[in-house]
Amino acid sequence: MPELAAAGPAGKALESTFRRLLGLKTAAQYQAGPISRTDATKAVDWATRMVDAARDVTGS
């Protein structure tokens, strides 16, 4: 995720969060069964963190 890290301090701080989300996306997209409730909860928390950070950076 070098592009995210290069986007500034907010991007660099969220690089590991985005990497974790992408890891779950692959499992959720290609598995025959659903992901666990724990993984789904983590994904929502991580995505919320990223959206909140984007709102902080953009002021919206």
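Start by selecting aspartate 52, which counts as partly exposed at 37% relative accessibility. You are looking at a predicted model, so keep that in mind as you click along.

**Stop 1: a pair in helix α3**

Keep aspartate 52 on screen and add arginine 55. What do the side chains of these two residues meet in? They meet in a salt bridge, with 3.9 Å from N to O. Now show the backbone around them: both residues belong to helix α3, which covers residues 37-58. They sit three residues apart, about one turn of the helix. Arginine 55 is partly exposed, because its relative accessibility is 46%. In general, side chains of opposite charge can pair when their charged atoms come close.

**Stop 2: a pair in helix α2**

A search of the whole structure finds two salt bridges, so let's visit the other pair. Select arginine 19 and glutamate 15, and draw a distance between their closest N and O atoms: the value is 3.2 Å. Which helix holds both residues? Both lie in helix α2, four residues apart, about one turn of the helix.

Is glutamate 15 buried or exposed? Glutamate 15 is buried, because its relative accessible area of 17% falls under the 20% cut-off. Its partner arginine 19 is partly exposed, since 44% lies between 20% and 50%.

**Stop 3: around glutamate 15**

Stay on glutamate 15, in the helix spanning residues 9-30, and display what surrounds this side chain. Leaving aside neighbours within four places in sequence, glutamate 15 is in contact with Met1, Pro2, Leu4 and Ala5. Next, select the C-alpha atoms of methionine 1 and arginine 19. These two residues are 18 apart along the chain, and their C-alpha atoms are separated by 7.4 Å.

**Stop 4: the nonpolar core**

Time to leave the charged residues. Select Leu14, Leu21, Leu24, Ala43, Trp46, Met50 and Ala53 together: these seven residues make up the largest nonpolar core. Helices α2 and α3 each supply at least two residues of this core. Which helix gives the most to this core? The answer is α3, with four residues.

For a final close-up, zoom in on alanine 43. Not counting residues up to four places away in sequence, alanine 43 touches Leu21 and Leu24. Both of those leucines are also listed in the core you have just selected.

How values were computed
Residues are numbered from 1 along each chain as its sequence is written. This is a predicted model: local features need pLDDT of at least 70, side-chain atom pairs count only at pLDDT 80 or more; totals for chains, interfaces and linings use all residues. Side-chain values use heavy atoms; hydrogens and water are left out. Buried means under 20% relative accessible area, exposed over 50%, partly exposed in between (1.4 Å probe, protein chains only). Contact means heavy atoms within 4.5 Å. A salt bridge is a side-chain nitrogen of Lys or Arg within 4 Å of a carboxyl oxygen of Asp or Glu. A nonpolar core is a set of buried Ala, Val, Leu, Ile, Met, Phe, Trp, Tyr and Cys residues joined through side-chain atoms within 4.5 Å.
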